[in-house]
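Q: I'd like a close look at one part of this model, please. Start with the strands and how they pair, and then take me on from there.

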Amino acid sequence: MCAVNLTRLSQRPLRVTVVDDRGSVGRGVAYGVRRPEYLLNVAARNMSAFPDEPDHFLQWLQTRAEFEQTPEVELRERFIPRQIYGDYLRSIVQHHLQSPGELTFASSEFVTGMAVDVEPAGSGCGVHLADGSLLEADRVVLATGNEPPAPLPGSEELEAHPAWVGNPWTAWETRLPPMDGTIVILGTGLSAVDAVVTLRELGWMGRIHAVSRHGWFPHAHFRGIEYPEFPPAGIDLAELGLRELHSLVTKHCAALHERNANPAIIVDKLRPHTQRIWGGFTTDERLTFAKEHAARWNVFRHRIAPVIHAQITGSQLTGQLWVHAAGIAKVTAAWDRVDVQMDDGSTLSGDLVINATGPSTRFSATRSVLLRNLLRRGVVAPDATDMGVRVDADHTVVDGAGERSPWLLAVGPMLRGTYWETIAVPELRSQARRVAETVLGAAHDERGDLQPQLEYMI
Ligand SMILES: Cc1cc2nc3c(=O)[nH]c(=O)nc-3n(C[C@H](O)[C@H](O)[C@H](O)COP(=O)(O)OP(=O)(O)OC[C@H]3O[C@@H](n4cnc5c(N)ncnc54)[C@H](O)[C@@H]3O)c2cc1C
């Protein structure tokens, strides 16, 4: 979407190159073609890719035969298959990047390959690809998305083990054990939900264990009651600090509970303020929130489609899915199985064990060759919490010496430490536009009218 906004907004000649190792530009990890049963976890009304056209996705959906007859009020609230959302993004790529109209100043190109480094070169930089080729650019935007889950104690020795799945976004369903076997899912978040849904869809009837520290699966979306008491009038939530905010939220959650209403209403009401609140927290408060409150925040905040939630509950009711609240102490090979030792002293043994503990969030421990190279040379630096890369308000990367990079910007999940909320489309579409505006603004200042500008995206 950064690339699309660049071509939409540019008033000057511009060349945009999108470098992606998966080859299907637009779909990324989340909306890839892998499984049809995965649904978006955000209602259609809030999934437009353009911040300035809030109904864009809805209108696109209405052009599809299967939704043409669906009343708009109903379609707005639907949780659409992620594959279809991938089609939507591909159609935007096709329209804006692959067949732009005559009035567009920009041209674009796609390179399928793995970027491994970016180095200064002349007034811009050079992007090195794994195959040895080099792309020259004036600006580079890092948009590399979510990292796979962090390794667990013992998992490095299991990488080639047939019963171990280190990345839940790969095609593990081709390795299912027989129906009397056992699958252990490490984590109970959105990736674990995907795994259970796929097992049900495939009719796999064996035993599933899911393990996480709290044993909480995400909640379902719901229609809340009006609750004008929050935020209280005259209080600036961003000025309270973590301790006071926590006690205010706890008080209002209890009040909702008393009314038999869902306390997650407070999380929804916090959402427009989240980035400002996060910006007002000290580094200590951010770290404390991540350590002590994030797990609870995530189950309320990252809710799932009711129909998906019903599948998880159904699997628990039938006794297929067993949920365990425990930390994971170690994973070890046990012949053709993998044993999961838990910190309560018990052990689960799986014919297939899937690491679905969620994207790794320690930036300095990134396993991306590109980001490691940039970190090593101080071209990028972790933010103060080490949850992501350090950037300025306009998304320009701030390097290890504290200087604004003349050519590097960043967008997306790697800005977790800066914004906290930086994963879902409603936040990302605004970021994508802001990045494009920064790039074009800077380029306009520095360049003559008809000078073509080069731009590489990763
Ligand atoms: C399984 C899953 C489901 C999700 N569901 C939803 C949802 O329903 N609603 C919602 O709002 N959000 C959802 N999200 C959040 C999701 O992060 C965002 O919606 C969005 O897809 C992130 O886009 P992105 O472009 O930042 O990253 P991605 O879409 O992951 O794209 C990054 C791309 O960069 C490539 N890449 C990385 N490093 C390199 C390199 N060095 N060289 C070349 N290419 C590289 C990757 O392979 C990938 O193709 C989901 C996320 C996941 C993982």
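A: Let's say that two strands pair if DSSP finds at least two bridges between them. Strands are DSSP runs of E with at least two residues, helices are runs of H or I with at least four, and both are numbered from the N terminus. Keep in mind that this is a predicted model, where local features need pLDDT of at least 70, side-chain atom pairs count only at pLDDT 80 or more, and totals for chains, interfaces and linings use all residues. Residues are numbered from 1 along each chain as its sequence is written, and side-chain values use heavy atoms, with hydrogens and water left out.

Strands of a sheet pair through backbone hydrogen bonds, either parallel or antiparallel. Here, three strands make an open sheet in the order 3-4-5, with antiparallel pairing. Strand 3 (115–121) and strand 5 (134–137) are its edges, each pairing on one side only. On average, neighbouring strands of this sheet are turned by 25° against each other, direction ignored; such angles run from 0 to 180 degrees between N-to-C directions, using axes that are lines fitted to C-alpha atoms, for helices over the stretch in contact. Now zoom in on strand 4, residues 124–129: four bridges join it to strand 5, and the two run antiparallel. You can pick out one of the matches yourself: valine 127 has leucine 135 in strand 5 as its bridge partner.

Now scroll further along the chain to another sheet. This one is also open, with three strands in the order 11-12-13 and antiparallel pairing. Its edge strands are strand 11 (328–334) and strand 13 (347–350), each of which pairs on one side only. From one strand to the next, the twist averages 20°. Strand 11 is joined to strand 12 (residues 337–342) by six bridges, and these two run antiparallel. Try following the partners across: lysine 330 is matched with glutamine 341 in strand 12, and valine 331 with valine 340 in strand 12. Strand 11 and strand 12 make a hairpin with two residues between the strands, and in this hairpin tryptophan 335 takes a positive phi near 55°.

Tryptophan 335 makes a handy link to another spot with a positive phi. Asparagine 260 has a phi near 65°, which is positive in a residue other than glycine. You'll find asparagine 260 in the loop between helix 6 and helix 7 (264–270). While you're checking loops, look at the peptide bond from phenylalanine 230 to proline 231: this bond is cis, with omega near -5°. Proline 231 sits in the loop between strand 9 (207–212) and helix 6 (241–258).

Last stop: a pair of helices. Two packed helices are described by the angle between their axes and the distance between the axes. Helix 5 (residues 190–201) and helix 10 (residues 306–317) pack at about 75°, and their axes are 10 Å apart. Helix 5 and helix 10 are therefore roughly perpendicular to each other, a label used for 65 to 115 degrees, while under 35 counts as roughly parallel, over 145 as roughly antiparallel and the rest as oblique. Who touches whom? Val193, Val196, Val197 and Arg200 of helix 5 meet Ile308, Gln311, Ile312, Gly314 and Ser315 of helix 10, and contact here means heavy atoms within 4.5 Å. By class, this contact of helix 5 with helix 10 has five nonpolar, three polar and one charged residues; Ala, Val, Leu, Ile, Met, Phe, Trp, Tyr, Cys and Pro count as nonpolar, Asp, Glu, Lys and Arg as charged, and the others, Gly among them, as polar.
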